[in-house]
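Let's take a walk through this protein together. Have a look at the fold first, and then we'll go through it piece by piece.

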Amino acid sequence: MTVVKAEKVVKDYGLGGTTVHALRGVSLEFREGEFSAIAGPSGSGKSTFLHLAGCLDNLTGGKMIINGEDTGELSRKELALLRRYKIGFIFQAYNLIPVLSVMENVSFPLTLMGLEKKEIRNRSEKVIDDVGLQGMENRRPKEMSGGQQQRVAIARALVKKPALILADEPTANLDSATGQEILDLMLALNQSEKTTFIFSTHDEMVINCARRVVRIRDGQIESDEVKA
């Protein structure tokens, strides 16, 4: 099953009276269960692609189809629902809610989905255990290390059981040992849950771990390699 299909995607930005061509006709497809990295230098367009795939920004041209839905044909409300139910996000800055506990941060997406309290509790407890944070349910983000906070962010993304997880530079704020632990965790969850992971990165550790590496430069695909 195809989870992400980009057809000649174009994204332009206005910047100080000039136009920045962030993506120039990019066509890519990602299937269920892939563990892929979009790699490239700063300004190459890799994060822009993730934002478009995550319905966080609008296309200038082309099509972006997520889980069979053409995002260009959806209303703002429909895009919000697609993000809520089908897409999980992991950011380099974690983006946790500081006043909430681990349990509250992880369960928050399920609350927005309107699930019953018992199911919210059961699913949240399971995914917290899955990411190795059992016993830390009542801690606040400020009481945790960067690696632990990233595990909370992963749990929050996974708890919805999304078709797609988008990770934007998820190891950038971590030391190499913690970054490798986080990558190993995400790879294990990818294999057990068959969730599609797409990373935006310039970290060689992430690139080496990915089973497919798409290299992008100046808004265009430079290479697309599936590892044996």
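Let's start in the interior: phenylalanine 197 and phenylalanine 199 are both buried. Keep in mind that you're looking at a predicted model. How far from view is phenylalanine 199? Its relative accessible area is 0%, and anything under 20% counts as buried. Phenylalanine 35 is buried too, at 1% relative accessibility.

Now for how these rings sit together. A pair of aromatic rings is described by two things, the distance of the centres and the angle of the planes. Searching the whole structure turns up five aromatic pairs. In one of them, the ring centres of phenylalanine 35 and phenylalanine 199 are 5.0 Å apart and the planes meet at 70°, so this pair is edge-to-face; the label applies to angles over 60 degrees. Phenylalanine 35 belongs to strand β3 and phenylalanine 199 to strand β8, so the pair ties together parts that lie 164 residues apart in sequence. Phenylalanine 197 and phenylalanine 199 make a stacked pair instead, with 6.1 Å from centre to centre and 20° between the planes. Put the ring pairs together and you get a cluster of Phe35, Phe197 and Phe199.

Next, zoom out to the sheet that holds β3 and β8. This open sheet has six strands, and if you read across it, the order is β6-β7-β8-β3-β9-β10, with mixed pairing. Which strands stand at the edges? They are β6 (87-91) and β10 (220-226), each of which pairs on one side only. Ignoring direction, neighbouring strands here are turned by 15° against each other on average. Over at the β10 edge, strand β9 (residues 212-217) runs antiparallel to β10, and six bridges join the two. One spot to look for is arginine 215, whose bridge partner in β10 is serine 223. Helix α1 packs on this sheet, touching β3 (35-39), β6, β7 (164-168), β8 (196-201) and β9, and its direction makes about 150° with that of β7. Helix α2 (residues 76-86) lies across β6 and β7, running at about 75° to β6.

There's another sheet to find. This one is open as well and has four strands, in the order β2-β1-β4-β5, with antiparallel pairing. Its edges are β2 (18-31) and β5 (69-70); each has a single partner strand, so one side of each is left without a neighbour in the sheet. Strand β1 (residues 2-15) pairs with β2 over 11 bridges, and along the way lysine 11 stands opposite leucine 23 in β2. You'll meet helix α1 (residues 46-53) again here: it lies across β1, β2 and β4 (61-66), at about 65° to β2. While you're looking around, find phenylalanine 30, because here's a nice detail: the charged end of arginine 212 sits over its ring, 4.5 Å from the centre.

Our last stop is helix α5 (residues 146-158). From its first C-alpha to its last, this helix of 13 residues reaches 18 Å, close to the 18 Å expected at 1.5 Å a residue. Why call α5 largely enclosed by the rest of the structure? It's because 12 of its 13 residues are buried. Among them are Gly147, Arg151, Ile154 and Leu158. The elements covering these buried residues include β6, α3 (102-112), α4 (117-130), β7 and α6 (176-193).

Terms used
Residues numbered from 1 in each chain as written. Predicted model: local features only at pLDDT ≥ 70, side-chain atom pairs only at ≥ 80, totals over all residues. Heavy atoms only, no water. Pairing = 2+ DSSP bridges. Contact = heavy atoms within 4.5 Å. Axes fitted to C-alpha atoms, helices over the stretch in contact; angles between N-to-C directions. Phe/Tyr/Trp six-rings, centres within 6.5 Å; stacked < 30°, edge-to-face > 60°. Buried < 20%, exposed > 50% of the residue type's maximum accessible area, 1.4 Å probe, protein only. Lys NZ or Arg CZ within 6 Å of the ring centre and 35° of its normal. Expected span 1.5 Å × (residues − 1).
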